[in-house]
Structures are given as C-alpha cells and as structure tokens.
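Reader: I am new to this structure and would like a close look at a single part of it. Please choose how the helices are placed, and explain each term as you come to it.

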Amino acid sequence: GRPTLAVVGATGAVGRVMLQILSQHADIWGEIRLLASPRSAGRKLAVRGEEVEVAALSEAALDGVDVAMFDVPDEVAAHWAPIAAAKGVIVVDNSGAFRMDPDVPLVVPEVNPHTTRMRPRGIIANPNCTTLSMIVALGALHAEFGLRELVVSSYQAVSGAGRAGVETLRQQLSLVAGTELGTNPGDVRRAVGDNTGPFPEPVALNVVPWAGSLREDGWSSEEMKVRDESRKILGLPHLPVAVTCVRVPVVTTHSLTVHARFEDTVTVARAREILATAPGVVLFDDPAAGEFPTPADVVGTDPTWVGRVRRALDDPTALELFVCGDNLRKGAALNTAQIAELVAAELSVRHPGKA
Ligand code: 2RA
C-alpha cells in the first residue's frame, strides 16, 4: 500500500497547519497517524476530511511508520528521532536538534533537493522558519549571480514562538486597545504587567530586538541559526553573514530586509527576471502602484514574496530586497511536507510493488 505517515507534534501551531496542508496536497499517504505528548492524547483532529484521534508518542506508536514528520521541542526530537530512525522510520525533523549535524541534510526542495538522499542517520532536518522565509529567493539569485555576502534583519511574527506567542500578543493587544499607551516610557510595560509570555519584553505596540536564547558575545540563537543554516543550505561554508533578529507584533509571516552582495555587477532587470520565474517565489514589486509584500497579505500563502528590489546605492554588485514568507507554511509545515513528499516518491521507486 501507500506509505504510512506519522505527524509527531500534531497539536502544536505548526502541527495544525501541517494537517491543513496534508488535506490540500495530493493524497499520497496511506494511513496518517497523529502523535503528540500524553497530555494531548485522545483529542481528535481533522485531516483529509476525517477525524483522527491523537495518540501518545511511544515506540509502539511508531510501528509500521515509513515517514515521520517531527514538530516538537529540541530535546524531545533529540530523544525520539533516533529511536524512530532505529525502527526504520525516515524522520523529517523541524527542531533545531539535528540541523547542523554533518550527517543530517538540511533540505529546501527548491534549493538543494539532491541532499535529501544523503541521510546516513535516517534523519532529514527542516530549516528554521527565519532562514526558510528568505532562502528560496536567495537560492535563486545565488544560482545566477554567486552570493558573496549577506546582511539581513528579520521582522518575526509571534507564532514563530508557537501558540503561546500568539496568545501573548492577543492578550497584550486587548490590554492596550483603545488607550493612549505608547506615549510615555514604560507605559506599555506597566499595562501589560508580567505577561510577556515567551518574549523578554512587551510585543504589542513595540518591537523587540531578540529571538531565541543567549549565545556567545551577545548573539541570539536565532541569529546563529540564520547564519549557520544559510551557509549549509547554499553550500557556502564561509559566507559572511551579518544578522539581527527582531520580533514584531504580527501574528504569522516573517519578513526580512536583505542586502546581498554577489561576485560581479548585477542588474535589477536580471534580478527581477530570476525572481519572477523562480519556483516558489513571487515578485511583487511596483512601488509606484503601492505594491510590495506585507505580512498581513502574505499570511496563509505558500510562496516567498519579494519586493523593493533595488541595486545598492554604493555597490553595483549588491541588491537590496524585502522578503515575506508565512513562517508556519513555507517556514515550517509546507517545507516539511515537501521533503516528506520527496522521500515518499523515492520509496515508491524503490518498492514499486508497494506503491
Ligand atoms: C521564532 N524561528 O520565530 C523561531 C522559532 N521557530 O521564534
């Protein structure tokens, strides 16, 4: 029969979007099993138009599974992905636990699909949502122009921090709506109180220059991920990357400003042609007509949207871009689903009788 899929972490922010995507894409899977922590077991979720009961993740729950998509905290993935792989399950993992492991490919199907098969541990990693929100557009430009340096700033949506991030923003917005807060230092903080959820500062009526945990020399874990993952995906281990990650009061869809320097002189005309034709990218760039992507319009869509394409004023080898991508779709669930679909196609070629 067709391959059996397990969705591990089915009840989370990404898991929910995953179930929608599985209901919208070609129906290539046999059984789809929904797994989560024991706390969520017994709940029923809709996938492919049917209610499926969530089971607790256990070794037995992985019996007979061909491919498992994991969207769980790093430590849960670090423990369970190798257990699943030892049972012959091919794991597509969206945690940070394996992304930089040299024996685990970090796959973006539009950019490096060939690496999917290079998986000695039986584990394939899905990149972080911030990297994914820009990398399809950058991969297309790199293939043509040869990337030499990247300078980026992110404008990250609160759902990147999961359902708790979304609940925190909504609650804070309800506390500040209709007030004149935002006019005196600290007034938003006092109104919001200790309720900053997964963020170090209030995110309503604010921007917070922080995502993730503290790393060496003042860098955040999110900034290190953008640098390390971009280098690995593009196959440019020494690419200079300067990055600042910032949280903004947007529910879903990460945005980035990008300064990309290339090997040689670039033209906006050629860059626009590449972006307009690259699979997975939409060029939406006509400032005279007021057209550029914004997260409020991009949310819920699949592609990476690119606007504000300009040549750097002081460097004819560099481009400036504004990029938006839905962090729960291409940034997480969609890319994971695309990888799993590549694996399923590979399995059906290997076992034609089974497919
Ligand atoms: C965030 N990228 O937006 C992170 C987590 N996946 O918080």
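Author: A crossing of two helices is called left-handed if the near helix is turned anticlockwise from the far one by less than a right angle, and right-handed if clockwise. The model is predicted, with local features needing pLDDT of at least 70 and side-chain atom pairs counting only at pLDDT 80 or more, while totals for chains, interfaces and linings use all residues. Residues are numbered from 1 along each chain as its sequence is written, and side-chain values use heavy atoms, with hydrogens and water left out.

With that in hand, the crossing of H1 and H9 is right-handed (helices, H or I of at least four residues, and strands, E of at least two, are DSSP runs numbered from the N terminus). Helix H1 covers residues 13-24 and helix H9 covers residues 329-350, and their axes come within 9 Å of each other and cross at roughly 50 degrees (axes are lines fitted to C-alpha atoms, for helices over the stretch in contact, and angles run from 0 to 180 degrees between N-to-C directions). H1 and H9 are therefore oblique to each other (under 35 degrees is roughly parallel, over 145 roughly antiparallel, 65 to 115 roughly perpendicular and the rest oblique). On the H1 side the contact (heavy atoms within 4.5 Å) is made by Val14, Val17, Met18, Gln20, Ile21 and Gln24, and these residues are met from H9 by Arg329, Ala332, Ala333, Leu334, Thr336 and Ala337.

H9 also packs with H3, where the angle is about 85 degrees and the axes are 8 Å apart, so that H3 is roughly perpendicular to H9. Here Cys129, Leu132 and Val136 of H3 make the contact with Lys330, Gly331, Ala332 and Asn335 of H9. Ala332 of H9 is thus among the residues that touch H1 and among those that touch H3.

H3 in turn packs with H7, at an angle of about 130 degrees and with the two axes 9 Å apart, which means that H3 is oblique to H7. As it passes H7, helix H3 makes a right-handed crossing. The residues that H3 brings to this contact are Ala137, Ala140, Leu141, Glu144 and Phe145, and those they meet in H7 are Arg270, Ala271, Ile274 and Leu275.

Behind these helices comes the sheet. It is an open sheet of 6 strands in the order S10-S9-S11-S14-S13-S12, with mixed pairing (two strands pair if DSSP finds at least two bridges between them). Its edges are strand S10 at residues 241-244 and strand S12 at residues 281-283, each of which pairs on one side only. Direction ignored, neighbouring strands of the sheet are turned by 25 degrees against each other on average.

Helix H3, residues 129-145, lies across strands S9, S11, S12, S13 and S14, and runs at about 25 degrees to S11. Helix H7, residues 268-277, packs on the sheet as well, touching S12, S13 and S14, and its direction makes about 175 degrees with that of S13. Within the sheet, strand S11 (residues 254-262) and strand S14 (residues 318-325) pair in the antiparallel sense over 8 bridges, and histidine 254 stands opposite glycine 325 in S14. Strand S9, at residues 147-155, is followed by a loop that leads to helix H4 (163-176) and holds glutamine 156.
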